[in-house]
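Colleague: Please pick one part of this model and give me a close look at it. I am in my first year, so a slow walk from residue to residue would suit me well.

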Amino acid sequence: MATSTRPSPLAVAEGDNLLDIAQAHDLEMEGACGGSCACSTCHVIVTDEALFDAMPEPEDDENDMLDLAFGLTETSRLGCQVIMTKDLDGLVVKLPTMTRNLQASDFQ
């Protein structure tokens, strides 16, 4: 018997960001900087290119942090910077296989 890997839909409020949504639902998104766009641990990959294109362009700070992300793709974003709107209804993202927490590695 095949099992479905289709994600369960979550009801979210307009204006919430993906990091807060993930943490509120106990999903495995780290967000080491607390959502201040100072790390890349909330890196997500948007699975639908049309919905990715519906998002505002990332700011320079987000692009700088994405440059440090593991497994960067053409549809990568930081979860703390993806603000939910009605235009993003049905958005599906996946997490990369790893994250890179440079703050934690500085202290080893």
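**Cysteines, a small sheet and the core**

Modeller: Let's start with C39, whose sulfur lies 3.6 Å from the closest cysteine sulfur, that of C33, which is too far for a bond. Please keep in mind that this is a predicted model. A disulfide is a covalent bond that links the sulfur atoms of two cysteines. To be counted here, the two sulfur atoms must be within 2.5 Å, and C39 and C33 do not form a disulfide because their sulfurs are 3.6 Å apart. C42 is in no disulfide either: the nearest cysteine sulfur belongs to C80 and is 3.8 Å away. By this rule, the count of disulfides comes to zero.

Now look at how well these cysteines are covered. C39 has a relative accessibility of 8%, so it counts as buried. C42 is buried too, with a relative accessible area of 2%. Then there is C37, in the loop between α1 and β1. Its relative accessibility is 13%, so C37 is also counted as buried. The backbone of C37 is worth a glance as well: its phi is positive, about 60°, although the residue is not a glycine. That loop between α1 (18–24) and β1 holds D26 too, and D26 likewise has a positive phi, near 55°, without being a glycine. But D26 is exposed, with a relative accessible area of 70%, whereas C37 is buried at 13%.

From the loop we can step into the sheet. Three strands make it up, in the order β2-β1-β3; the sheet is open and the pairing is antiparallel. β2 (76–78) and β3 (93–94) are the edge strands, each pairing on one side only. Strand β1, residues 43–46, is joined to β2 by three bridges, and the two run antiparallel. Within that pairing, H43 stands opposite L78 of β2.

L78 ties the cysteines to the sheet. Beyond its neighbours within four places in sequence, L78 is in contact with C37, C39, S40, C42, H43, E62, M65 and L66. So which residues touch the most other members of the largest nonpolar core? L78 is one of them, along with L18, L88 and L91, in a core of 20 residues. Four of the core's residues come from α1, the largest share, and α1, β1, α2 and α3 (60–66) each supply at least two. This fits a broader pattern: in soluble globular proteins, nonpolar side chains tend to be buried together.

Strand β2 also contains S76. Is S76 buried or exposed? It is buried, with a relative accessible area of 5%. Its side chain makes a polar contact of 2.7 Å with the side chain of H43, and it reaches the backbone nitrogen of T73 at 2.8 Å. Setting aside neighbours within four places in sequence, S76 is in contact with H43, V44, I45, F52, L66 and G71. H43 is therefore a handy place to pause: H43 stands opposite L78, is in contact with L78, and shares a polar contact with the buried S76.

For a last stop, find D53 in helix α2 (residues 49–54). D53 is exposed, at 55% relative accessible area. D53 and T75 are 22 residues apart along the chain, yet their C-alpha atoms are separated by 8.7 Å.

Notes:
Residues numbered from 1 in each chain as written. Predicted model: local features only at pLDDT ≥ 70, side-chain atom pairs only at ≥ 80, totals over all residues. Heavy atoms only, no water. Pairing = 2+ DSSP bridges. Buried < 20%, exposed > 50% of the residue type's maximum accessible area, 1.4 Å probe, protein only. Polar contact = N/O pair within 3.5 Å; in protein donor to acceptor, adjacent residues only side chain to side chain. Contact = heavy atoms within 4.5 Å. Core = buried A, V, L, I, M, F, W, Y, C linked by side-chain atoms within 4.5 Å.
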